[in-house]
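User: I am new to this one, and I would like someone to walk me through it. Could you show it first and then take my questions?

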2 protein chains.
Amino acid sequence: MDKPATNIETIAKTCIAGRLRLINRVVSNIYDDALRPFGLKISQGNILIFTGKLGVASPVQICEHLQLDASTLSRNVELMRKNGWLEEVPTDDARSRPFRLTEAGKRLVESAIPAWEKAQAEAKELLGDDFVSLLNKAAKRASESNRA
Amino acid sequence: MDKPATNIETIAKTCIAGRLRLINRVVSNIYDDALRPFGLKISQGNILIFTGKLGVASPVQICEHLQLDASTLSRNVELMRKNGWLEEVPTDDARSRPFRLTEAGKRLVESAIPAWEKAQAEAKELLGDDFVSLLNKAAKRASESNRA
DNA sequence: CGCCTTTATTTGTATATACAACTAATAAAG
DNA sequence: CTTTATTAGTTGTATATACAAATAAAGGCG
């Protein structure tokens, strides 16, 4: 046993991506279930939240913060624009297409907060406090990683 | 300040789902990059790994282990079957459609192990040892959660 | 000013994901 | 043994995601 050969068993038991993806599915489903009455999914919710925080957001800003591919965001924003939750903001740089929450978008976010709280509590209960505590640091590192 | 009103700032800073999704994107990209030379994505890789572990796997088994929707798995298995990595196994219960790795599937998994190891090391480095240590427990809980 | 590079976004294409509805087959009830 | 309920998968539809390529507008340089 000089070299501990990595085998299928080992990967099945230790793969970080596999575990993360599994947890991500379960947790995203918790939030999606809670937000369904509002016609909102957590994927879009997080974009709305960050947009609200920024006031006026450019796609490139959101993509950096959330580590989203630009093409992914583009389509997601388009859907939320059609839903009346986001609106474009005029700008001098014609390459950029910044946007902000509409009034309807703000009302949506406000009204969904109790559902978010419920999902958040359920997720915390499921994953355990210690894990959740470490999420912040890990997410910060991931958010700042520059692998492009 | 009787009731600490949850506001947009709070959600932006604390949403478990948002953080998990972000980490999941970054980490999945690490593995997908590493596995790209093999025409394999980590989403499929994990299904192959679990199939290999089980020997013969039924869709419902994989879905339970990985907390995947049956329709998701169905399409994913179909792709890997077309790629020659999975093959159907005859069964007496005509409702079930179990499958196993083909020889090519086994070879693929074996050949991709060094790339997986590289990605695994990179992910560990990025997320931190303490976080990775807690992943096991959290994933186990998520895997056993029964929210259907 | 005109060319070249960089930056910001969109479009084409493919996989991942889930929900709802459907099909088919076994199991359970009577 | 027939009817009903349960179980296993697939298909329709919609969003999420990323990569590659295309578009378009600034910015920099000679």
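Analyst: What follows is a short conversation about the two protein chains, the DNA strands and a few single residues.

User: What should I know before I start reading numbers?

Analyst: This is a predicted model, in which local features need pLDDT of at least 70 and side-chain atom pairs count only at pLDDT 80 or more, while totals for chains, interfaces and linings use all residues. Residues are numbered from 1 along each chain as its sequence is written, chains are lettered from A and ligands numbered from 1 in the order in which they are written, and side-chain values use heavy atoms, with hydrogens and water left out.

User: OK, what rotation puts chain B on chain A?

Analyst: A rotation of 180° with 0.0 Å of shift along its axis superposes chain B on chain A, and the RMSD is 0.0 Å. The two copies are thus related as by a two-fold rotation axis. The superposition is by least squares on the C-alpha atoms of residues with pLDDT of at least 70 in both copies.

User: And through which surface do the copies meet?

Analyst: They meet through the same surface, because 100% of the interface residues of chain B are also interface residues in chain A. Contact here means heavy atoms within 4.5 Å.

User: Let's go to the DNA. Which residues come nearest to strand D?

Analyst: There are 30 residues around DNA strand D, and of these A:S43, A:S71, B:R21, B:S74 and B:R75 come nearest. Of the atoms of DNA strand D that come within 4 Å of the protein, 72% belong to sugar and phosphate. A residue is counted as near a strand if one of its heavy atoms lies within 4 Å of it.

User: Which side chain has an N or O atom 2.6 Å from a phosphate oxygen there?

Analyst: That is B:R21, whose side chain has an N or O atom 2.6 Å from a phosphate oxygen of DNA strand D. A polar side-chain atom of A:N76 also lies 2.8 Å from a phosphate oxygen of this strand, while for A:R95 the partner is a sugar or linking oxygen of DNA strand D, at 3.4 Å.

User: Which elements supply the surface near strand D?

Analyst: Those that give two or more residues are α3 (42-54) and α5 (70-82) of chain A, together with α2 (16-35), α4 (59-66) and α5 (70-82) of chain B. The most comes from α5(A), with five residues. Helices are DSSP runs of H or I with at least four residues, strands are runs of E with at least two, and both are numbered from the N terminus.

User: What about strand C, which residues are closest?

Analyst: DNA strand C is surrounded by 28 residues, and the closest are A:R21, A:S74, A:R75, B:S43 and B:S71. Sugar and phosphate again make up 72% of the atoms of DNA strand C that come within 4 Å of the protein.

User: Which side chain is paired with a base nitrogen of strand C?

Analyst: The side chain of B:S71 has an N or O atom 2.5 Å from a base nitrogen of DNA strand C. Phosphate oxygens of the strand are also approached, with A:R25 at 3.1 Å and A:R97 at 2.8 Å. As for the elements, α5(B) gives the most to the surface near DNA strand C, with five residues.

User: How do the residues near strand C divide by class?

Analyst: They divide into six nonpolar, ten polar and twelve charged residues. For the surface near DNA strand D, the classes hold six nonpolar, eleven polar and 13 charged residues. In this scheme Ala, Val, Leu, Ile, Met, Phe, Trp, Tyr, Cys and Pro count as nonpolar, Asp, Glu, Lys and Arg as charged, and the others, Gly among them, as polar.

User: Switching topic, how many disulfides are there?

Analyst: The structure holds zero disulfides over all chains, a disulfide being a pair of cysteine sulfur atoms within 2.5 Å. The sulfur of B:C63 is 18 Å from the closest cysteine sulfur, in A:C15, and that is too far for a bond.

User: Is A:C15 buried or exposed?

Analyst: A:C15 is buried, with a relative accessible area of 1%, and B:C63 also counts as buried, at 10%. Buried means under 20% relative accessible area, exposed over 50% and partly exposed in between, computed with a 1.4 Å probe on protein chains only.

User: Last one, where does A:Q67 lie?

Analyst: A:Q67 lies in the loop between α4 and α5 of chain A, and its phi is near 55°, a positive value in a residue other than glycine. A:Q67 is partly exposed, with a relative accessible area of 24%.

Note on methods
A polar contact is a pair of N or O atoms within 3.5 Å; within protein, one must be able to donate a hydrogen and the other to accept it, and residues adjacent in sequence count only if both atoms are side-chain atoms.
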